[in-house]
Amino acid sequence: MANSVQSRKRARQNERKQAVNKARKSRIRTFLKKVEGAIESGDKNAATAALRAAQPELMRGTTKRIFHKNTAARKMSRLSARVKSLD
């Protein structure tokens, strides 16, 4: 347990940051699930639109250090390949 004033303050800050990061990660996952759902339905137009909406969210997650940049790049690459293969 935090004893000093500084460590108590740091614990409070960490709780706030954790809540914000959790919300950001959840938002990104929601966008990715929309892309997955559109791919599963087989609708290429909807999948493309969902992918275009998800891309900036995912990249924003990398700038906010929610995901590593290579993780985001890998997810985008795999999703775009799956959307591209739809007919």
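**Exercise 1. Against which helices do the buried residues of H2 pack?**

*Solution.* The structure is a predicted model, and the first step is to list which residues of H2 are buried: they are Ala-47, Ala-50, Leu-51, Ala-54, Glu-57, Leu-58, Gly-61 and Thr-62. The second step is to look for their partners, and these buried residues turn out to pack against helix H1, which covers residues 5-41, and against helix H3, which covers residues 69-84. The spacing in the list can be read with a general rule in mind: an α-helix has 3.6 residues a turn, so residues three or four places apart point the same way.

**Exercise 2. Work out what span helix H2 should have, and compare it with the distance between its end C-alpha atoms.**

*Solution.* Begin with the length of the helix, which runs over residues 44-63 and therefore holds 20 residues. The expected span is 1.5 Å times one less than the number of residues, which gives 28 Å for H2. The end C-alpha atoms of H2 are 29 Å apart, and this agrees with the expected value.

**Exercise 3. Describe where H2 bends, and what is found at its N-terminal end and just after it.**

*Solution.* Start inside the helix, where H2 bends by about 25 degrees at Ala-54, with a proline, Pro-56, following within four residues. Ala-54 is also among the buried residues of H2. Next, turn to the N-terminal end, which is capped by Asp-43, since a side-chain oxygen of Asp-43 lies 3.4 Å from the backbone nitrogen of Asn-45. Finally, move to the residue Arg-65, just after H2, where the backbone takes a positive phi of about 60 degrees.

**Exercise 4. Which residues are linked with Glu-57 in a network of salt bridges?**

*Solution.* A general idea helps at the outset: side chains of opposite charge can pair when their charged atoms come close. A search of the whole structure finds four salt bridges, and one of them joins Arg-27 to Glu-57, with the closest N and O atoms 2.9 Å apart. This pair links distant parts of the chain, because Arg-27 belongs to helix H1 and Glu-57 to helix H2, 30 residues apart. The next step is to follow Glu-57 to Arg-60, where the two side chains meet in a salt bridge of 2.9 Å from N to O. Here both residues lie in helix H2, three residues apart, which is about one turn of the helix. Taken together, Arg-27, Glu-57 and Arg-60 are linked in a network of salt bridges.

**Exercise 5. Are the members of this network buried, partly exposed or exposed?**

*Solution.* The cut-offs needed are under 20% relative accessible area for buried and over 50% for exposed, with partly exposed in between. Glu-57 has a relative accessible area of 10%, so Glu-57 is buried. Arg-27 has 45% and is therefore partly exposed, and Arg-60, at 43%, likewise counts as partly exposed.

**Exercise 6. Which residue forms a salt bridge with Glu-40, and how accessible are the two partners?**

*Solution.* The partner is Arg-82, and the closest N and O atoms of the pair are 3.5 Å apart. Glu-40 lies in helix H1 and Arg-82 in helix H3, 42 residues apart, and the pair thus links distant parts of the chain. For the accessibility, Glu-40 stands at 61% and so counts as exposed, whereas Arg-82 stands at 31% and so counts as partly exposed.

Conventions: Residues are numbered from 1 along each chain as its sequence is written. This is a predicted model: local features need pLDDT of at least 70, side-chain atom pairs count only at pLDDT 80 or more; totals for chains, interfaces and linings use all residues. Side-chain values use heavy atoms; hydrogens and water are left out. Helices (H or I, at least four residues) and strands (E, at least two) are DSSP runs, numbered from the N terminus. The bend at a residue is the angle between axes fitted to the seven residues ending there and the seven starting there. Buried means under 20% relative accessible area, exposed over 50%, partly exposed in between (1.4 Å probe, protein chains only). Contact means heavy atoms within 4.5 Å. A polar contact is a pair of N or O atoms within 3.5 Å; within protein, one must be able to donate a hydrogen and the other to accept it, and residues adjacent in sequence count only if both atoms are side-chain atoms.
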